[in-house]
Amino acid sequence: MKNRQTIVIIGGGFAGVELAEQLLKADINGRVVLVDKNNYNFFPPLLYQVATGFLDVSNISYPFRKHFRSADRFSFIMGNLKEIIPLENKISLNCGSISYDKLILATGTVTNYFGIESIKENALPMKTVTDAINLKNRLLERLERASKTDDENLRKKLTTFVIAGGGPTGVEVAGMLSELRKNILFKDYPELKNTKFDIYLVDGLSSILAPMSKESQQYAKKTLEKSGVIIKLGQNVKDYVDGIVHLADGTFIDSENLIWTAGVTAQKFKGLPEESFGKGNRLTVDSFNEVRGIKNIYAIGDTSLMTSDPHFPQGHPQLAQVAMQQGKLLAKNIIAENQGKEKKAFIYNDKGSMAIIRRNRAVADVPGPFKHFNGFFAWLIWIFVHLMSLINIRNKITTFFNWLNSYITKDQPLRMIIDPSKK
């Protein structure tokens with residue numbers, strides 16, 4: 001067995017946590033160091049429910065130190081990666097530096113504004129827990145303002161919501177906002193009973209849920225439109241200034257609420273050569289997730305671009321299942337290498353994709369003879385899969401009871417404006 005080694009993982013999302021858990025279960029002669037800018041793991045697919053007041057932050061997040069408390073070969077560092085120094089097997093953080101024997105980059109993605117500064121400055125993203133809390137605060141503050149104003153144009157602007165991006169997140173936000181409009185908002189804000197609360201879903205492609213089947217796309221579109229969501233396809237948001245959303249065809253929408261779910265990009269890291277980065281700033285890796293041309297540095301999950309999988313020659317979709325499967329296999333390969341055994345190339349086992357639309361309505365594309373589900377059964381599958389994907393039993397239980405309460409009452413008492421930034 002090799003000498004004691006230090007395995008450093010940057011990023012505590014799906015890929016990073018899965019890798020750390022698998023390594024710590026094994027009897028390897030080494031230390032696992034997890035670095036993340038937050039001191040907690042969170043579940044991105046449910047951020048939109050925090051943003052709309054249907055779940056509390058604690059339902060979808062959990063501290064790393066608590067989660068790995070019983071692992072004596074584990075260390076956690078809260079910090080940001082500043083530079084990688086491959087020749088010295090060392091990384092520089094905003095809180096110091098650390099040497100590694102193996103470095104794994106599992107940093108996920110960040111919001112992509114496509115270089116449009118006005119959108120970056122004024123839109124409401126939803127990529128992090130902070131984004132979700134900020135989005136909830138801003139939406140509630142604008143509803144409070146709308147309930148007090150006598151200016152009809154301002155009230156309409158404050159209560160019009162534009163979601164840019166027709167992927168799963170955009171569809172789920174639009175559906176949740178339609179549920180709020182139908183069951184809650186007029187009860188909480190009786191002053192706004194005669195207000196329309198327009199909800200727009202805008203996407204540059206010809207369909208929503210582009211990666212999914214046509215059956216799922218059509219069902220989702222029909223369900224959203226039946227819920228009163230106005231869908232504009234083939235339209236990119238080009239600018240957002242003074243509360244006016246400018247579309248590619250020259251039309252515009254007056255709205256104080258542009259919710260940006262239109263794109264993501266991976267991050268670049270100082271110290272790695274430019275040729276290591278591919279489309280969307282993803283690091284190009286071989287079939288074992290090692291960054292091409294660089295020893296001892298790996299990339300997994302959304303930040304990696306692997307073209308060796310015969311079923312995905314353009315790279316894998318940026319999904320949680322890809323991240324978790326890569327994290328699990330990389331752990332096995334590190335253990336195998338440590339024991340002088342042969343490593344295994346990564347082949348993605350596609351388990352399908354799904355999106356919730358609104359109460360009792362979802363779509364699911366799965367492998368096998370029954371390829372497409374929609375409606376109530378797909379909604380039940382979505383509920384089960386997302387509950388089981390949460391990081392521990394506590395989060396599973398609290399989220400289940402929150403959902404049960406919301407389902408029975410068609411309400412949720414989590415619409416509080418708590419904004420420490422105003423101190």
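Student: How many residues sit between E24 and E25 in their hairpin?

Tutor: There are six residues between E24 and E25 in that hairpin. Keep in mind that this is a predicted model.

Student: Okay, and which residue in that turn has a positive phi?

Tutor: That's Gly368, with a phi of about 110°.

Student: How many bridges do E24 and E25 pair over?

Tutor: Four bridges, and the pairing is antiparallel. One of the partners to look for is Gly375 in E25, which is bridged to Ala362.

Student: What holds paired strands together in general?

Tutor: Strands in a sheet pair through backbone hydrogen bonds, and they can do that in a parallel or an antiparallel way.

Student: So what's the order of the strands in this sheet?

Tutor: The order is E23-E24-E25, making an open sheet of three strands with antiparallel pairing. E23 (353-358) and E25 (372-375) are the edge strands with a single partner each, so each has one side without a neighbour in the sheet. From one strand to the next, the twist averages 5°.

Student: How does E23 connect to E24?

Tutor: Through a hairpin as well, with two residues between the strands. In that turn, Asn360 has a positive phi of about 65°. E23 and E24 (residues 361-365) run antiparallel and are joined by five bridges. Arg358 has Arg361 of E24 as its bridge partner.

Student: Is E24 largely enclosed or largely open?

Tutor: Largely enclosed by the rest of the structure, because four of its five residues are buried.

Student: And which helix lies across those strands?

Tutor: Helix H10, residues 214-226, lies across E23, E24 and E25. Relative to E24, H10 runs at about 170°.

Student: Switching to helices: how do people describe two packed ones?

Tutor: By the angle between their axes and the distance between those axes.

Student: Cool, so what are the angle and distance for H1 and H11?

Tutor: H1 (residues 14-25) and H11 (residues 320-338) pack at about 30°, and their axes are 8 Å apart. The two helices are therefore roughly parallel to each other.

Student: Is their crossing left-handed or right-handed?

Tutor: H1 passes H11 in a right-handed crossing.

Student: Which residues meet there?

Tutor: On the H1 side, look for Phe14, Ala15, Glu18, Leu19, Gln22 and Leu23. They meet a set of H11 residues including Ala320, Met324, Gly327, Lys328 and Ile335.

Student: And what classes of residue are in that contact?

Tutor: The contact of H1 with H11 has 11 nonpolar, two polar and two charged residues.

Definitions and conventions: Residues numbered from 1 in each chain as written. Predicted model: local features only at pLDDT ≥ 70, side-chain atom pairs only at ≥ 80, totals over all residues. Heavy atoms only, no water. Axes fitted to C-alpha atoms, helices over the stretch in contact; angles between N-to-C directions. Parallel < 35°, antiparallel > 145°, perpendicular 65-115°, else oblique. Left-handed = near helix turned anticlockwise from the far one by under 90°. Contact = heavy atoms within 4.5 Å. Nonpolar A, V, L, I, M, F, W, Y, C, P; charged D, E, K, R; others polar. Pairing = 2+ DSSP bridges. Buried < 20%, exposed > 50% of the residue type's maximum accessible area, 1.4 Å probe, protein only.
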